[in-house]
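User: Please choose one part of this structure and take a close look at it with me. I am in my first year, and short explanations of the terms would help.

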Amino acid sequence: MSDKQELDRLRSGIDECDRQLVELLAKRNQFTAEIGKIKKSLASPLYVPARESSLIAARRNQAEQAGVSADLVEDILRRMMREAYQNQQGDIACIAPELSPVVIVGGRGVMGQLFYRQLIRSGYQVRILDRDNLDQRESILADAKCVIVSVPINQVTTVVASLPTLPKDCLLIDITSIKQAPMNAMTQHHKGPVLGLHPMFGPDIEHWVKQTVVVCQNQAHHLATQFMRQLEIWGCNLVTMDAKKHDEAMQIVQVMRHLTTFVYGQFLSKQTHSLTEIESCSSPIYHLELMMVGRLFAQSPELYSDIMLAQFEDVEQLMLDYSATFAETFDSLKRGDKGALIDSFSEAKTFFADAAGEFLEQSRALLSKANDAKVLGK
């Protein structure tokens, strides 16, 4: 047999393995879909951390014994699990039917629609109140058991204040990215239970499993607890936080991050090199950074302008401190002061010390996936 014939034979073997893999994936999808139905009947969460960890550990051990890369097997498993979670989104348990009907104020917006679809999947009766039917708001809200305010940051307090008097047994929720002002507005306007939520994700998620939602409460209430339980059924990771602490954290996590991305994107747009030229000679890590910058500019300018403006008075000093740090670094570079640069590096490294190893491992995995996704010869 010639080398060419042997190559063709081996490639045929690979093709057969791949065909069998597709058949196994289809079979696995059938199992996960059936599991989703049982989870609904049992009102079980879509995400069970212990089950996922046990499954991955078992298959990694099997891979090592079989002489196969355990990391490869884990990558494949996690991708299949993500597909499974998405596969189970069609029919989800409703554990708080007493919250129906739900009214989403601003329900035509992208986040309002995200909540609308998920609540409908869980069997809730959901109504939308938006600009096109404001004249019907009295009737739409009359018997509401849960009202979710999903409007731009700069409109939340005004919209809450404009709501008609809600039933005392109605749960009032806001889902904006700041919490103190909305919580105060809701508490002042509504005599019933209120709940502040900040979904730490955008409207383009594939599923809700492992998505973080920050929860702020002034006072516990069984209806709020029920809604939080529903979020957990969807697979969400709930983080309880004081509203003031939340807003202070968001000043760094959100506002400053968006600010630096926003400025860097503007800087790139003013350079003589095209994006294609910059991408063509980018390392995987820089390609990921470009992706994150591009992701911001692929979304709503109104949204990100509102996020940066909403807490400007609170972050003005942070912005000045950031500018000062940049200026100090620039000054060290101008002076050619390597010692000062090393000292600054060491100071920042101390801050990241406890998480540095984990971040390095996680970033390696992301870089590998980014490199795999490259399409050469476009």
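Analyst:
**A close look at the sheet and its surroundings**

Of the 378 residues in the protein, 36% count as buried (under 20% relative accessible area; exposed is over 50% and partly exposed lies in between, with a 1.4 Å probe and protein chains only). This is a predicted model, in which local features need pLDDT of at least 70 and side-chain atom pairs count only at pLDDT 80 or more, while totals for chains, interfaces and linings use all residues. Residues are numbered from 1 along each chain as its sequence is written, and side-chain values use heavy atoms, leaving out hydrogens and water.

Let's set the scene before zooming in. The protein has 14 helices and seven strands (DSSP runs numbered from the N terminus: H or I over at least four residues for helices, E over at least two for strands). Its C-alpha atoms fill a box of roughly 85 × 65 × 40 Å along the principal axes. Among contacts (heavy atoms within 4.5 Å) between residues at least 6 apart in sequence, 67% join residues at least 24 apart.

Now for the part I chose, which is the sheet. Seven strands make an open sheet in the order β2-β1-β3-β4-β5-β6-β7, and the pairing is mixed. Two strands pair if DSSP finds at least two bridges between them. In general, strands of a sheet pair through backbone hydrogen bonds, either parallel or antiparallel. At the edges stand β2 (126–129) and β7 (237–240); each has a single partner strand, so one side of each is left without a neighbour in the sheet. From one strand to the next, the twist averages 25° (axes are lines fitted to C-alpha atoms, for helices over the stretch in contact, and angles run from 0 to 180 degrees between N-to-C directions).

Which residues cover the two faces of β3? C146 and I148 lie on one side, V147 and V149 on the other, and all of these are buried. Strand β1 (residues 102–105) runs parallel to β3, and four bridges join the two. One of the matches to look for is V102, whose bridge partner in β3 is C146. With β4, strand β3 also pairs in the parallel sense, again over four bridges; here V149 has D174 as its bridge partner in β4.

Moving along the sheet, β4 (residues 171–174) and β5 (residues 194–199) are parallel too, paired over three bridges. Opposite V194 in β5 stands L172. Helices pack here as well. Helix α7 (residues 180–189) lies across β4, β5 and β6 (212–216), running at about 155° to β5. Helix α8 (residues 222–233) touches β3 (146–149), β4, β5, β6 and β7 as it packs on the sheet, and its direction makes about 20° with that of β5.

I148 of β3 is a good place to see how the sheet ties in with the interior. The largest nonpolar core has 44 residues, and I148 and F227 are the ones with the most contacts inside it (such a core is a set of buried Ala, Val, Leu, Ile, Met, Phe, Trp, Tyr and Cys residues joined through side-chain atoms within 4.5 Å). Leaving aside neighbours within four places in sequence, I148 is in contact with V102, V103, I104, V105, F115, L119, I173, I175 and F227. A second, separate core of 23 residues includes I140, L166, C170 and M186.

F115 brings us to the aromatic rings: ring pairs link F115, F201, W208 and W234 into a cluster. Rings of Phe, Tyr and Trp (its six-membered ring) pair if their centres lie within 6.5 Å; planes under 30 degrees apart are stacked, over 60 edge-to-face, and the rest tilted. By this rule there are seven aromatic pairs. In one of them, the ring centres of Y264 and F267 are 6.1 Å apart and the planes meet at 20°, so the pair is stacked. Y264 and F267 are three residues apart in helix α9 (residues 243–269), which puts about one helical turn between them. Y264 is partly exposed at 31% relative accessible area, and F267 is partly exposed at 45%.

To come back to the sheet, follow β3 on your screen: its two faces are covered, and its residue I148 is in contact with F115, which belongs to the ring cluster.
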